[in-house]
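Hi,

Here is the structure I promised to send over. Have a look at it first, and then read on for my notes.

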Amino acid sequence: MTSECHPRLSEAACAKLQSDYVDIRREMRQQANETGEAAAIPITVMQLEATIRLNESLAKMKLSHVATESDVTEALRLFKVSTMDATRSGINQHIHFTPDMANDIKVCRH
């Protein structure tokens, strides 16, 4: 017996993800305005897509065909811990970027 599970976000989960994404972008913009510095690594559309895949993976681990708002909450928590907190901690100051990598980051900021 073969069963497949290809979860998709529920409408409520989509709305929550959209709202939280906008809030994160707003917070980063506000922080940049207050400090005068751009965010080290802004949340981009590519990261949003990765978060969607993470939501679907969380649902898949529960063998659910629908990713819920709680999956969105957990996926965004993981994103914040793994990406945003790492950049705030200054870890990016210890990484030596090649000119190409630095240019890619610069492009993502705009």
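Which residue does Glu-74 form a salt bridge with? The partner is Arg-77, and the closest N and O atoms of the two are 2.8 Å apart. Before you get too attached to any of these distances, keep in mind that this is a predicted model.

Both Glu-74 and Arg-77 belong to helix 3, which covers residues 69-88, and they sit three residues apart, or about one turn of the helix. That spacing makes sense for a pair like this, because an α-helix has 3.6 residues a turn and residues three or four places apart point the same way. Glu-74 is partly exposed at 29% relative accessible area, and Arg-77 is partly exposed too, at 42%.

That pair isn't alone: searching the whole structure turns up five salt bridges. Here are two others to look at.

In helix 1 (residues 11-35) you'll find Arg-26 and Asp-23, three residues apart and so separated by about one helical turn. Their closest N and O atoms are 2.9 Å from each other, and they form a salt bridge. Arg-26 counts as partly exposed, with 45% relative accessibility, and Asp-23 is also partly exposed, at 29%.

The other one reaches across the chain. Arg-8 and Glu-56 have side chains that meet in a salt bridge, at 3.1 Å from N to O. Arg-8 is in strand 1 (residues 8-9) while Glu-56 is in helix 2 (residues 45-61), so this contact ties together parts that are 48 residues apart in sequence. Is each partner buried or exposed? Arg-8 is exposed, with a relative accessible area of 52%. Glu-56, on the other hand, is buried at 17%, since the cut-off for buried is under 20%.

Back to helix 1 for a moment, as there is a bit more to say about it. With 25 residues at 1.5 Å a residue, helix 1 should span 36 Å, and its end C-alpha atoms are indeed 36 Å apart, so the two values agree. Which residues of helix 1 are buried? Ala-13, Leu-17, Asp-20, Tyr-21, Ile-24 and Met-28 are, so it's worth colouring those six when you open the file. After the helix comes Gly-36, which has a positive phi, near 80°.

Shout if anything is unclear.

Cheers

Methods:
Residues numbered from 1 in each chain as written. Predicted model: local features only at pLDDT ≥ 70, side-chain atom pairs only at ≥ 80, totals over all residues. Heavy atoms only, no water. Salt bridge = Lys/Arg side-chain N within 4 Å of Asp/Glu carboxyl O. Helix = DSSP H or I, 4+ residues; strand = E, 2+ residues; numbered from the N terminus. Buried < 20%, exposed > 50% of the residue type's maximum accessible area, 1.4 Å probe, protein only. Expected span 1.5 Å × (residues − 1).
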